[in-house]
Amino acid sequence: MAELTHMIDSEVFLAFSTYATIVTLKMMLLSLLIAYFRLTKKVFANMEDTSLAHSTEDKKKMIRVDPDVERVRRCHQNDLENIVPFIVIGLLYALTGPDLATAVLHFRVFVVSRICHTVSYVLALPQPSRALSWVTGMFATFSMAYRVLSTALFL
Amino acid sequence: MAELTHMIDSEVFLAFSTYATIVTLKMMLLSLLIAYFRLTKKVFANMEDTSLAHSTEDKKKMIRVDPDVERVRRCHQNDLENIVPFIVIGLLYALTGPDLATAVLHFRVFVVSRICHTVSYVLALPQPSRALSWVTGMFATFSMAYRVLSTALFL
Amino acid sequence: MAELTHMIDSEVFLAFSTYATIVTLKMMLLSLLIAYFRLTKKVFANMEDTSLAHSTEDKKKMIRVDPDVERVRRCHQNDLENIVPFIVIGLLYALTGPDLATAVLHFRVFVVSRICHTVSYVLALPQPSRALSWVTGMFATFSMAYRVLSTALFL
């Protein structure tokens, strides 16, 4: 892992920046989707969010759990649990000086798998579509972690 | 995005370090606040946490869901969902060599908006205080993501 | 914080890469453990995950909340809430040029504390094992944040 500084100016790091930004934006879009569902379906988690309703009874009805909102929330949570490891390990992986084609392949597989995961989850497509996309993304991250640890182990 | 290495020694990166640390510490304080509420209100999620109670009946009463604890937990979760994208995109943004004043403005807007968000959420201030601070923080992150992708797109 | 670029080639950064990868992999293993529990105990959150069951009644029975799955999920969530701050602050800390022995001590204390936390949580060991390991990890992160802010404050 000598001369990491050179790696920051490399095309691998540029590719990592691009894919990391895209997959992070995808995750943020789920936040917006949850907000959209909450507003259109009038499903809230906090009493102060129901100020559009007039009577107290109407307000209480808005504080509920909706299956569609919960589905997108689970999808968002799964994104958080998988994209955070990808960003951390991907950044360190980009600094180990991997081959450009191999690195881009890893990033693309991860990003495409997470997009498939989101589509499968939000549209409730039959399994194993969601399970396979989840496993594929995880595999890409594990493969990068293997290279990080085999190139630069310092205990 | 040439000569990223120079950017790491820049004042922009120094500013990013400072604001990223502050907003991360703010998020960690919410963990402590949840722990404080759980201990003082005696609301736990696990049976082994109720060891201070003597009878089994008292222990079971402590395993419950409390609206105040849930409120701070939702606030903390929202922090996680918004601060992670800020850190990822902000780090890459700091490496694109933005103007110092513009960069510091982005970081300040984000950090102030998240502090407003936390205050609005924990104190249950009337809307749209929380909604506006959430949107403002997201807007700052989207603006930085736009610069990252327009400066350094590598697909 | 002059000449950060030199720090990236340092042994401190190498040590950070190693420990950050290990603790991230540990977090990912919890995802796999949750998936394993869901599959073996047949506890799912989505209707489309129950396709192995034949009758609709059997499917509905699989959509439930299981205490073991919830326990590992809480453990995983706590990891996310603590490992994200460690990664962010640890990365910036590694760039401030700390003494190698001090830095490695911080990383080791954090990683060991999180492994103890996971073991205590998943096996439901009596308190204060889990509380102490949580506090220890947090303390390591706060200590690194103190150095980042005292070395490189730019407001």
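Here are some questions and answers about this predicted model.

Me: What does the secondary structure of chain A come to, in helices and strands?
Reply: Going from the N terminus, the elements of chain A read α-α-α-α-α-α. So the tally, with helices needing at least four residues each, is easy to state. Chain A has six helices and zero strands.

Me: Is chain A a compact globule or more spread out?
Reply: For 155 residues the globule rule gives 15 Å, while the radius of gyration of chain A is 20 Å, well over that. Along the principal axes, its C-alpha atoms fill a box of roughly 65 × 35 × 30 Å. By the radius of gyration, then, chain A is more spread out than a compact globule.

Me: How are α5(B) and α6(B) oriented to each other, roughly parallel or roughly antiparallel?
Reply: Helix α5 of chain B covers residues 100–122 and helix α6 of chain B covers residues 129–151; they pack with axes 8 Å apart at about 155°. Angles over 145 degrees count as roughly antiparallel. Therefore α5(B) and α6(B) are roughly antiparallel.

Me: How many nonpolar, polar and charged residues are in the contact of α5(B) with α6(B)?
Reply: On the α5(B) side the contact includes B:H106, B:F107, B:F110 and B:R114, and on the α6(B) side B:R130, B:W134, B:G137 and B:M144 are among the partners. Arg counts as charged, and Gly goes with the polar ones. By class, the contact of α5(B) with α6(B) comes out as eight nonpolar, ten polar and two charged residues.

Me: In chain C, what is the handedness of the crossing where α5(C) passes α6(C)?
Reply: The axes of α5 and α6 of chain C come within 8 Å and cross at roughly 155°. That makes α5(C) roughly antiparallel to α6(C). Residues that meet there include C:V109, C:C116 and C:Y121 from α5(C), with C:S133, C:A140 and C:T141 from α6(C). As for handedness, the crossing is left-handed.

Me: Which kind of rotation axis relates the two copies, chain C and chain A?
Reply: You can lay chain C on chain A with a turn of 120° and a shift of 0.0 Å along the axis, and the RMSD is 0.0 Å. The two copies are thus related as by a three-fold rotation axis.

Me: What percentage of the contact residues of chain C recur in chain A?
Reply: Chain C goes onto chain A with an RMSD of 0.0 Å. Even so, the copies use different surfaces, and the share of chain C contact residues that recur in chain A is 18%.

Definitions and conventions: Residues numbered from 1 in each chain as written. Chains lettered and ligands numbered in written order. Predicted model: local features only at pLDDT ≥ 70, side-chain atom pairs only at ≥ 80, totals over all residues. Heavy atoms only, no water. Axes fitted to C-alpha atoms, helices over the stretch in contact; angles between N-to-C directions. Helix = DSSP H or I, 4+ residues; strand = E, 2+ residues; numbered from the N terminus. Parallel < 35°, antiparallel > 145°, perpendicular 65-115°, else oblique. Contact = heavy atoms within 4.5 Å. Least-squares fit on C-alpha atoms with pLDDT ≥ 70 in both. Rg over C-alpha atoms; globule rule 2.2 N^0.38 Å. Left-handed = near helix turned anticlockwise from the far one by under 90°.
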